[in-house]
Protein chains: 2
Amino acid sequence: MPHETALSRLAALLGDRLVNSQADRRLHGQNESHYPEALPEAVAYPESTQEVSEILTICHETGCPVTACGAGSSLEGQHLPLQGGISLDMGRMNKVRAISAEDLNCTVQPGLTRQTLNTALRDTGLFFPVDPGADATLGGMAATRASGTTAVRYGTMRDAVLALEAVMADGTVIRTGSRARKSSTGYDLTHLLVGSEGTLGIITELTLRLQGQPEAISAATCHFDSIEDAVNCVILTIQSGLPMARIELLDHMMVRGFNLHAGAGLPEKPHLFLEFHGSAASVAEQAESFAGIAAEFGADGWQSATRPEDRTALWRMRHNAHYASAALRKGGRVWATDICVPISQLAEGVLQAQCDAERLGLSCTIVGHVGDGNFHAGLSVDPDDPAEMARAAEFSHALGETALRLGGTVSGEHGIGIGKQGFMAAEHGPALTYMRAIKQAFDPNGILNPGKMLPDGPA
Amino acid sequence: MPHETALSRLAALLGDRLVNSQADRRLHGQNESHYPEALPEAVAYPESTQEVSEILTICHETGCPVTACGAGSSLEGQHLPLQGGISLDMGRMNKVRAISAEDLNCTVQPGLTRQTLNTALRDTGLFFPVDPGADATLGGMAATRASGTTAVRYGTMRDAVLALEAVMADGTVIRTGSRARKSSTGYDLTHLLVGSEGTLGIITELTLRLQGQPEAISAATCHFDSIEDAVNCVILTIQSGLPMARIELLDHMMVRGFNLHAGAGLPEKPHLFLEFHGSAASVAEQAESFAGIAAEFGADGWQSATRPEDRTALWRMRHNAHYASAALRKGGRVWATDICVPISQLAEGVLQAQCDAERLGLSCTIVGHVGDGNFHAGLSVDPDDPAEMARAAEFSHALGETALRLGGTVSGEHGIGIGKQGFMAAEHGPALTYMRAIKQAFDPNGILNPGKMLPDGPA
């Protein structure tokens, strides 16, 4: 056991909340994507900020790696303890601390999931809008700067997080931000921690902005003859200032996946899935304005979903894109990746991805938060076929290069984790030196999620 | 001359664009607020990123302070070169680099002002929404994390800045972010630089999000019997999800200032100034919904401004609040300060400020971006009366303490600069250590705007 001293001190602190059973270790060594298993030496289940602080003090003093884990739904292996040490399972710190309906915010612990929060908010007239699909924990969502289908209207976790409490590498507890909606005081540590993937500190409390539940919601789907038509329709929609709540692009392969996985019965053409929020009158006006724009690009096959159960079915199908991608191939495992480009470059990005997948003989679905220029490519692969895995890696690399060539970023919402470290230098250039300087200053012993985000190499 | 070596090397680099005339030095040693003059040893006028890089390399090597300066409209003395060295006047780097209407963004140099940008955007159907009143430079607005009257709808500079180019202390040029609307790759250096007041790097290029020009705009004013009524009306408005474009609170003293300065002829009661953006139908619906809410709180004295010239007159008056505050007292100079609190605490914050001003015998106006919980207190003071200046300082200190007591921040948009350093420890606690660590890592020789933001004291 490489970190025996740390583990014995942690066991003394946590008792039976430090677990080293094979079952628990394997559970924390799994992931939803294609990364190989990576087991922690033990799993710690803290119940308070104070305990997290004591755990980090021990790990800092002994050089024991600490990898935080929420729901385990990250897609770039962020929660995999690559260098052993402990998994810090935040699942027991899952309370709603406070809801302030007047201020449209709430304070929660990091292990709370977004759906549980929304259940707690149901009677307040408010909701938490960020929706990455999976029922992720809010701490994990902040740590990976998650977003999802509603970001086009309500923003990402960057916009949703007002304030944080975090435990830093040596056990120091800090608070960043406040319950006020904005501030100009000092360096923005809140947004330095958001998206830092557990490499700079462990989030132990979050204050989140909430939104008023819309008075009316309606959803619709339609299809286009080409990706260009669908994308150009979206560009004009966004330019015209329509406050779309969701606007999702699906390519013909993704639609085929939905047909196989969910019996969707949709024509295998590029689709847009839409949602409108507002007053009853405004929702009707928005839908009408959108239909007018879409007609210019030959939209067809309109289907509406105004009843809540129909909308739920629609978005459940969309959220199961990961599994629908897998359905395209028996026994396939999904290699999920994403990029984000300026919206004017989106059609080119999607077409390049389709072309690369075809060239490499890969089964690939494309689905995207097209209002943000963000799309996902889901490859259905056989992890036991090294040649196919190599082709998938080649595809993923080409996709990242496409993002940079088109003026975008190698990930809109999945993050860096393990899979995209190779792009950090290409995307950030000399700025990478300053990221390393922050990591060095905040975590000099390198215990926080080592092996992630910042690639090895000269500082 | 304390930095003779630096200045002679800079003169060799810049020729007649390094100026040490008394007139130029005094111009760069002034400010709009109450801080005493602080003169640079010389003023540098760079024309390119490359030149900024060469200037910083020289200053880094020689330990010469560098204080960047835009329009000089900051209110906490951010651009005053407290420790001499050079003022880096960014005014010649004022070009629009690119406008991408399809992507709703543009790339500009830091010396461009927001009004000049909006003139350049006029025919694109887009506009840049952040409006702090003054025709500030965009680099200065980013450096101070500015916001203003439209932040309630369109966000602050934090939301508007997509990407930056910056020159770091040793002359290294970095790029942060991209033209994509979101990203999950690496530490968010963009938002670390936004609001850093020139202490971590010099912004040399900005990519900014733009918004579609609304199809219709209408404005209105109304008054209330009490601050509580006005604030409660705003709280209910925000909760109900009305997408207010502007919603400004003015106390009776501010209204008196407008009456004196601009002949407004308004009853001296708490007012709200409002603006609605959207389609013609939506603007009408919003105004009607707001009026319904306002009626519950006894709103009266409705005046509408739908013609562009009437709206311009209304907001020009609002933007001249600084001078209207001065008008309350012959020869008075304005001591401007701001705080931001959770909106539920806003009435208490405003009443406390009014009460403190009365107790201290000070002439004080209050005007606020009330949808954000942010308000300004404008004291009209005589800088040559030390006793009054001491009372103003006492007021300002009490106001900051009120902000922290109510769960807010000591500045919503003016920043720290010189005036609020004394609150950094109280507001940020142990997080201040991590801010100092970043400063030390990024600017080890302490040349960037020394004496600002981070207070002296143990690291």
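Start by selecting Arg158(A) and Asp159(A): they form a salt bridge, with the closest N and O atoms 3.8 Å apart. A salt bridge here is a side-chain nitrogen of Lys or Arg within 4 Å of a carboxyl oxygen of Asp or Glu. Both Arg158(A) and Asp159(A) are buried (under 20% relative accessible area; exposed is over 50%, partly exposed in between, with a 1.4 Å probe and protein chains only).

Before moving on, some housekeeping. This is a predicted model, where local features need pLDDT of at least 70 and side-chain atom pairs count only at pLDDT 80 or more, while totals for chains, interfaces and linings use all residues. Residues are numbered from 1 along each chain as its sequence is written, chains are lettered from A and ligands numbered from 1 in the order in which they are written, and side-chain values use heavy atoms, leaving out hydrogens and water.

Next, pick Arg145(A), in the loop between helix H5 (138-143) and helix H6 (151-154) of chain A (helices are DSSP runs of H or I, at least four residues, and strands runs of E, at least two, numbered from the N terminus). Which residues of chain B does Arg145(A) touch? Ser183(B), Ser184(B), Thr185(B), Gly186(B), Tyr187(B) and Asp188(B) are among its contacts (heavy atoms within 4.5 Å). Show Arg158(A) again too, since Arg145(A) also touches that residue. Arg145(A) is buried yet has no salt bridge, the nearest side chain of opposite charge being Asp188(B) at 4.7 Å (Lys and Arg count as positive, Asp and Glu as negative; His and the chain ends are not counted). Its side chain does reach the backbone oxygen of Gly186(B), at 2.9 Å.

Now go to helix H1 and select Arg9(A), which pairs with Glu61(A) in a salt bridge with N and O 2.9 Å apart. Arg9(A) is in H1 (residues 4-14) and Glu61(A) in H3 (residues 49-62), so the pair ties together parts 52 residues apart in sequence. Arg9(A) is partly exposed at 34%, and Glu61(A) is exposed at 52%.

For a pair within one helix, try Arg359(A) and Asp356(A), whose side chains meet in a salt bridge at 3.4 Å. Both sit in helix H14 (residues 346-359), 3 residues apart, about one turn. Arg359(A) is exposed at 51%, while Asp356(A) is buried at 5%.

Then select Arg114(A), Asp131(A), Arg246(A), Glu275(A) and Arg311(A) together: salt bridges link them in a network.

Finally, zoom out. Chain A has 17 helices and 18 strands, and its C-alpha trace spans about 65 × 55 × 40 Å along its principal axes.

How values were computed: A polar contact is a pair of N or O atoms within 3.5 Å; within protein, one must be able to donate a hydrogen and the other to accept it, and residues adjacent in sequence count only if both atoms are side-chain atoms. Lists of a residue's contacts leave out its neighbours within four places in sequence.
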